[in-house]
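Work through the exercises below with the model open beside you. Try each task before you read its solution.

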Amino acid sequence: MSKDFRHNNFDLIRLVAAVQVMLFHAFTHFNVQAPFADQIKGFVYLLPGVPIFFTISGFLIYQSLERNRDKLKKYFVNRALRIYPALYVCLAFTLLLLIISRELNWDVAFKGSFIAWLFAQLSMFQFYHIPEFDSWGVGRPNGSLWSISVEVQFYLFLPILVLFIMPLSKKKWGKNLLVLGIAALSIYYNIWLNTHLNENQTLYKIMDVFLMKYLYFFCMGILIHLNFDWLKKYLVGKAWFWIPFFILFTLVFRNWLNLFENVYETNVLGLAGEIILSLTTISAAYSAPGISERLLRGNDLSYGIYIYHMPVFNYLMMEYPSLNWAQFITICLSILMIASLSWSIVEKNVLKLKTKIRV
């Protein structure tokens with residue numbers, strides 16, 4: 001991929017996806033009593049943020065590791081720097097809110113279950129939860145972090161894919177077949193999981209956060225990268241087509257005909273929606289690519305919004321179960337402010353270490 005295509009809108013797209021997740025959870029967990037709330041909620045539900053994150057990771061992280069396959073240590077250091085420092089600060093913030101809410105006290109702090117939960121939050125098992133926090137908000141201090149666990153699993157799997165699986169074929173068509181095969185296994189995994197297990201079973205809950213369930217999302221990003229030389233004539237500068245096309249597809253088959261719920265479904269329409277969403281994401285990244293830089297000036301608030309919004313929601317939920325527009329907007333703006341502080345104080349400074357750490 002040429003240097004021209006490193007000029008893109010991915011920061012802006014990630015911001016839109018993070019805001020969508022935040023708004024989705026706000027409308028889901030609060031009773032927003034305001035004019036046009038239902039209409040805005042319906043529009044927010046059209047655009048699923050997490051699949052966008054996964055597609056972007058497949059496209060960009062695969063591309064990065066493929067170019068630097070001899071720098072595996074640097075790959076892991078860079079991924080850890082992007083994920084964990086800000087995540088640990090967010091964990092400290094969450095613990096503070098739990099203490100203020102009197103959900104976390106000395107009795108809880110010395111329980112084995114809390115120690116296990118704390119280890120899970122510090123490692124890659126952020127989906128783990130304990131009954132001690134069931135009464136706080138939605139019952140999970142930061143339920144959004146399940147996708148961080150999936151993302152870390154992808155980071156661990158990707159070197160296996162790049163170094164051992166993809167070299168099985170030297171031809172592009174062969175590499176495409178390998179990735180399609182992995183995507184097909186992921187789709188079969190979903191079908192098997194949903195037909196053989198009940199979602200209330202412990203085994204289901206464990207398998208539900210395993211990379212294999214979401215791997216086909218990442219594979220879509222990888223496939224677009226592998227075929228970008230051919231696809232770019234249909235994607236670059238064509239967001240004016242893809243964005244309305246995805247919205248129309250969702251309105252017709254989801255909202256009006258009620259034939260599928262969302263792109264997480266592994267039926268024909270769910271998969272078609274995911275393919276269209278992935279193509280739309282990459283097209284938007286390379287359509288008028290200067291927009292992101294002009295609006296954001298190199299600032300990336302998406303991660304902060306994503307990791308901080310649910311602890312804030314959980315803290316406020318008991319006191320403000322219902323919100324008017326002023327309260328709703330104030331809470332969302334507060335999260336944006338926290339994300340801005342996370343970026344300027346923690347994330348931006350940590351990311352500078354990527355060029356300083358020698359591995």
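Helices (H or I, at least four residues) and strands (E, at least two) are DSSP runs, numbered from the N terminus. The model is predicted: local features need pLDDT of at least 70, side-chain atom pairs count only at pLDDT 80 or more, and totals for chains, interfaces and linings use all residues. Residues are numbered from 1 along each chain as its sequence is written, and side-chain values use heavy atoms, with hydrogens and water left out.

**Exercise 1. Place Asn227 and describe its surroundings.**

Step 1: find the element. Asn227 sits in the loop between α10 (211-226) and α11 (228-235).

Step 2: classify the accessibility. Buried means under 20% relative accessible area, exposed over 50%, and partly exposed in between (1.4 Å probe, protein chains only). Asn227 has 17% relative accessibility, so it counts as buried.

Step 3: list the neighbours. Contact means heavy atoms within 4.5 Å. Leaving out residues up to four places away in sequence, Asn227 touches Lys172 and Asn176.

**Exercise 2. Describe the overall build of the protein.**

Step 1: count the elements. The protein has 16 helices and 2 strands.

Step 2: test the compactness. The radius of gyration is taken over C-alpha atoms, and the globule rule is 2.2 Å times the number of residues to the power 0.38. The protein's radius is 21 Å, close to the 21 Å that the rule gives for 359 residues, so it is as compact as a globular protein of that length.

Step 3: add the box. Along the principal axes, the C-alpha atoms fill roughly 60 × 50 × 50 Å.

Step 4: look inside. Buried residues make up 50% of the 359 residues. Of the contacts with a separation of 6 or more, 78% join residues 24 or more positions apart.

**Exercise 3. Classify two aromatic pairs.**

Step 1: learn the rule. A pair of aromatic rings is described by the distance of the centres and the angle of the planes. Rings of Phe, Tyr and Trp (its six-membered ring) pair if their centres lie within 6.5 Å; planes under 30 degrees apart count as stacked, over 60 as edge-to-face and the rest as tilted.

Step 2: get the total. The structure holds 36 aromatic pairs.

Step 3: take Phe24 and Tyr45. Their centres are 4.6 Å apart and their planes differ by 45°, which makes the pair tilted. Phe24 is in helix α1 (residues 10-29) and Tyr45 in helix α2 (residues 37-46). The pair links distant parts of the chain, 21 residues apart. Phe24 has a relative accessible area of 31%, so it is partly exposed. Tyr45 is partly exposed too, at 22%.

Step 4: take Tyr75 and Phe76. The values are 5.1 Å centre to centre and 70° between the planes, an edge-to-face pair. Tyr75 is buried, with a relative accessible area of 5%. Phe76 is partly exposed, at 35%.

**Exercise 4. Which loops hold Asn258 and Arg297, and are these residues buried or exposed?**

Step 1: locate Asn258. Its loop runs between α12 (239-256) and α13 (268-285). Its phi is near 55°, a positive value in a residue other than glycine. With a relative accessible area of 58%, Asn258 is exposed.

Step 2: locate Arg297. This residue lies in the loop between α14 (290-296) and α15 (302-317). Arg297 is not a glycine, yet its phi is positive, about 55°. At 61% relative accessibility, Arg297 counts as exposed.
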